[in-house]
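Let's take a walk through this structure together, one region at a time. Keep the sequence and the 3D view open beside you as you read.

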Amino acid sequence: MPSGPLRDGEPVLLIDRRRRRYMITLRPGGTSDLRGGKLSHDDLLGKEEGGTIRSTRGERFLVVRPTMAEFILEMPRGAQVVYPKDLGAILIGADLFPGARVLEAGTGSGALTMALLRAVGPGGRVISYELREEFARTAERNIHRFLGPTESLVPRRRDIYEGVLPEDLPLDRIILDVPEPWRAVPHATHALSPGGIFLAYVPTVPQAVEATEGLRASGTFALIDTVEVLVRPWNIDGRSVRPVHRMVGHTGFLVTARRVQRQEPSAALEAPLDSAEDTDETEGL
Ligand code: SAH
């Protein structure tokens, strides 16, 4: 992660008194127009983050490097991104680890790709399939801007429903953010190593149902679960200690499954969550 003085080409977040955020990329000699005032990038280059700067209108801004979540919410988006709250759950739900070989589709704006790249690290691989040229280009720009050059990324212009390329094997994880992930289940069966994890991120209930049924019908997946993540921010200010009035009500469902050896659907493996007799089993979820 970048640290030390702010450098040429880095994204920087400027935050005003009312917590409005403005993301700029620092360039020697560059200026940015912010709320009717100007900022000179030369006043920021070489400085430590965490300080404040005044625009020519006298307005003060806090200067920090964006976190990945902040970057994702501010970056140009061609497609709907996976929200930060879900990114965290995907990394744990799909049990990403340094060195993992992961296949992802589609790349979209590259938000999930960035989270995966960080999790697998320099020794891992994120192979990312995307159908649409313009999305792939936006994603590559975003990823490069935030992470710099990365050899762990393998972008491909390709339809995941048509299968996984032999050179992309073997795979530890397959993570899908496409409209019909169940169409990729037969490919995932062939491509995933034993014990590997399949995760589909889908916005609607019928998609979660069809993904689950496709995984069950395959006979090669077990421990099939669906969760959604609700994050409720709180306001803590004097006596006003309460949830904030608005929250993100819905984004998507995470459907996960483990690649296992072919088997007849069995009650033990396919039982719905709430039928588990041992309550410890569900507490852990
Ligand atoms: N996860 C991304 C957003 C993905 S949006 C992010 O966080 O930024 C869904 C993307 O899937 C779109 O870009 C779409 O073009 C792509 N897509 C849809 N069907 C696909 C398929 N069959 N194979 C590969 N990509 C596909």
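Which polar atom lies 2.8 Å from the backbone nitrogen of Arg-7? The partner belongs to the side chain of Glu-10: one of its polar atoms sits at that distance from the Arg-7 nitrogen. Please keep in mind that you are looking at a predicted model. To find Glu-10, look in the segment that comes before β1, the strand made of residues 11–15. Although Glu-10 belongs to the charged residues, its relative accessible area is just 9%. Buried means under 20% relative accessible area, so Glu-10, at 9%, counts as buried.

Now zoom out for a moment. The protein chain contains 8 helices and 15 strands. Its C-alpha atoms fill a box of roughly 70 × 50 × 30 Å, taken along the principal axes. Of the 285 residues in the chain, 44% count as buried.

From Glu-10 you can step straight into β1, and from there into a sheet. β1 is one of 4 strands in an open sheet, which runs in the order β2-β1-β6-β5 with antiparallel pairing. At the edges are β2 (21–25) and β5 (52–54), each of which pairs on one side only. From one strand to the next, the twist averages 35 degrees. As a general reminder, strands of a sheet pair through backbone hydrogen bonds, in either a parallel or an antiparallel sense. For a closer look, take β5 and its neighbor β6 (residues 60–64): they pair in the antiparallel sense over 3 bridges. Within this pairing, Ile-53 has Phe-61 of β6 as its bridge partner.

Next, let's visit the ligand. There are 23 residues around it, and those that come nearest are Glu-130, Phe-135, Asp-159, Ile-160 and Asp-177. Sorted by class, this shell has 12 nonpolar, 6 polar and 5 charged residues. Two elements that each supply at least two residues of the shell are α3 (111–120) and β8 (125–130).

Which atoms of the protein make polar contacts here? Start with Asp-159, where a polar side-chain atom lies 2.7 Å from a nitrogen atom of the ligand. The backbone takes part as well: a polar backbone atom of Ser-109 is 3.0 Å from an oxygen atom of the ligand. At Gly-110, a backbone N or O atom lies 3.1 Å from a ligand oxygen atom. On its own, the ligand has 590 Å² of accessible area, and the protein covers 91% of that.

Since α3 helps to build this shell, it deserves a look in its own right. How many of the 10 residues of α3 are buried? The count is 9, so this helix is mostly covered. Among the buried residues are Ala-111, Leu-112, Thr-113 and Met-114, and further along come Leu-117, Ala-119 and Val-120. After α3 comes Gly-121, which has a positive phi near 70 degrees.

Our last stop is Val-202, which you will find in strand β11 (residues 192–202). Is Val-202 buried or exposed? Its relative accessibility is 0%, so Val-202 counts as buried. Along the chain, Val-202 and Ala-105 are 97 residues apart, yet a separation of 12 Å is what you find between their C-alpha atoms.

Terms used:
Residues numbered from 1 in each chain as written. Predicted model: local features only at pLDDT ≥ 70, side-chain atom pairs only at ≥ 80, totals over all residues. Heavy atoms only, no water. Near = heavy atom within 4 Å. Polar contact = N/O pair within 3.5 Å; in protein donor to acceptor, adjacent residues only side chain to side chain. Areas by Shrake-Rupley, 256 points an atom, 1.4 Å probe, with all protein chains shown as cover. Pairing = 2+ DSSP bridges. Axes fitted to C-alpha atoms, helices over the stretch in contact; angles between N-to-C directions. Buried < 20%, exposed > 50% of the residue type's maximum accessible area, 1.4 Å probe, protein only.
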